[in-house]
Amino acid sequence: IQFGIIGIEEIVGSLNSDFKKNNSIAVAKGKPSLPGYDASIVYRFDTDHLKAGVVDEEGRIDYRERGEIPRVKSGDLLATKKPMKKGKPGIDVFFNPIPVPETDDISLKYGEGTRLSDDGLKVYATIDGQPVLARTGTISVYAELIIKGNVDFNTGNIDFEGNVHVNGAILNGFVVKCGNLNAKEVVGGKILAIGNVTIQGGVIGSNIKTEGSIKAKFFTDSNIKCFGDVIVDKEVINSKIRSSGKFIAKRGKIISSFISAKMGFESKEVGTDVSHPCKINVGLDENVKKRIQAFNHILNDKKKTLESLQKSYEKQMKSLKTINYSMSKQKLLDKKNEHNLSVIEAIIKEIESINSEKHAIRKWSKKEKGNPFINVTGFILQGTKLFGIHSSTTLRETMHNVTIKEIKQAEKKFWTMRILESK
């Protein structure tokens, strides 16, 4: 014993008093560890105001009523960060350290329409509008842009750091980049949104990527990637949908499509006798997987560019030291090197930013485990391919009113897609 030994006077005193009663005394005590805590953020607005639907008095869900949209005014406090506190390791009586769990820090990210306080612990609104928390953790406040007609040659592409309302359609070849989007329909358009996308009509031959949820009457020949839920009123035909949330089509039909929904799948009908079999993937986050792959591809390209620029810069700097140039040429070379250095620094910052966003998305995705279930209230056709987290199967027969969930067979120690209910 090397640490925390009490003094001889205390030992003698204990022997003369407590020892007679207890027959034992503590002659050495270690120093306990003091655990810390992770950094946390308290949001002062509803960060997830969109609900699956509002339940009426009869217990039915109205999927059109999604909740009240939050609004803030300039100067409103949006979020407060509680800083991380590191723990202090202890020492046992043998002078061995008693470790404490590591604590995680978290960045307080602020975007359009917001500002960070001087101490870096608060975010305030700088404009009136709708507060939005992106899946990457960035807090923004969006103003609104209203397009009275279509997004077409009259408007051109829309790139607006706020909410966009399109009274008409987003037409073939045109791109809309925005916060939240509300449009009548999308026909051959491309949408890149940070918030939620609501399409009153259908989506035809289009690409949509959003960090929020998406709702539409139908999807045809389209490619959808979103972090939130996908809600469909009617049908999905020949489309690919990847959602980090739920896929919900209570009255809908799924025809010749691939649907991946981390938090589960609900539909009325799946497949037809004359179409290609559908593929349904539940439990896994294909959306985040694709995003990470895209990030890695961009990072690889930028790293190659950076490496090439650094080699060129080093070569130029070396030549400046070994070759005597005229004053005019020396100035030109100095300017060129300054430009190359600024480009190198900009690319390094881009790489750091992409890595940070990639880490944030991966961390967010790991917070909640997938829910590998499939619920079909009508029929699900023979030949439909079903994928869970650990297992897969192909239906050998058409089934009606069925719930299928991935379950681990304890006695056999393997996973299977099991039919829980069928009528």
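Buried here means under 20% relative accessible area, with exposed over 50% and partly exposed in between (1.4 Å probe, protein chains only). By that cut-off, 39% of the 423 residues of the protein chain are buried.

Before clicking on, note that this is a predicted model: local features need pLDDT of at least 70, side-chain atom pairs count only at pLDDT 80 or more, and totals for chains, interfaces and linings use all residues. Residues are numbered from 1 along each chain as its sequence is written, and side-chain values use heavy atoms, leaving out hydrogens and water.

Select the whole chain and show the C-alpha trace: along its principal axes, the trace spans about 90 × 85 × 50 Å. Switch to cartoon, and you have four helices and 35 strands (DSSP runs, H or I of at least four residues for helices and E of at least two for strands, numbered from the N terminus).

Now go for the second largest pocket (on a 1 Å grid over the protein atoms alone, an open set of points where a 1.4 Å probe fits, with protein on both sides within 12 Å along at least five of seven lines; lining residues have an atom within 4 Å of a point). Select Leu-192, Ala-193, Ile-194, Glu-211 and Glu-357, which lie nearest the pocket's centre among its 26 lining residues.

Next, colour H3 (286-322), which gives the most to this lining, with four residues. Add H4 (327-367) and strands S11 (138-142), S15 (175-178) and S17 (190-193); like H3, each supplies at least two lining residues.
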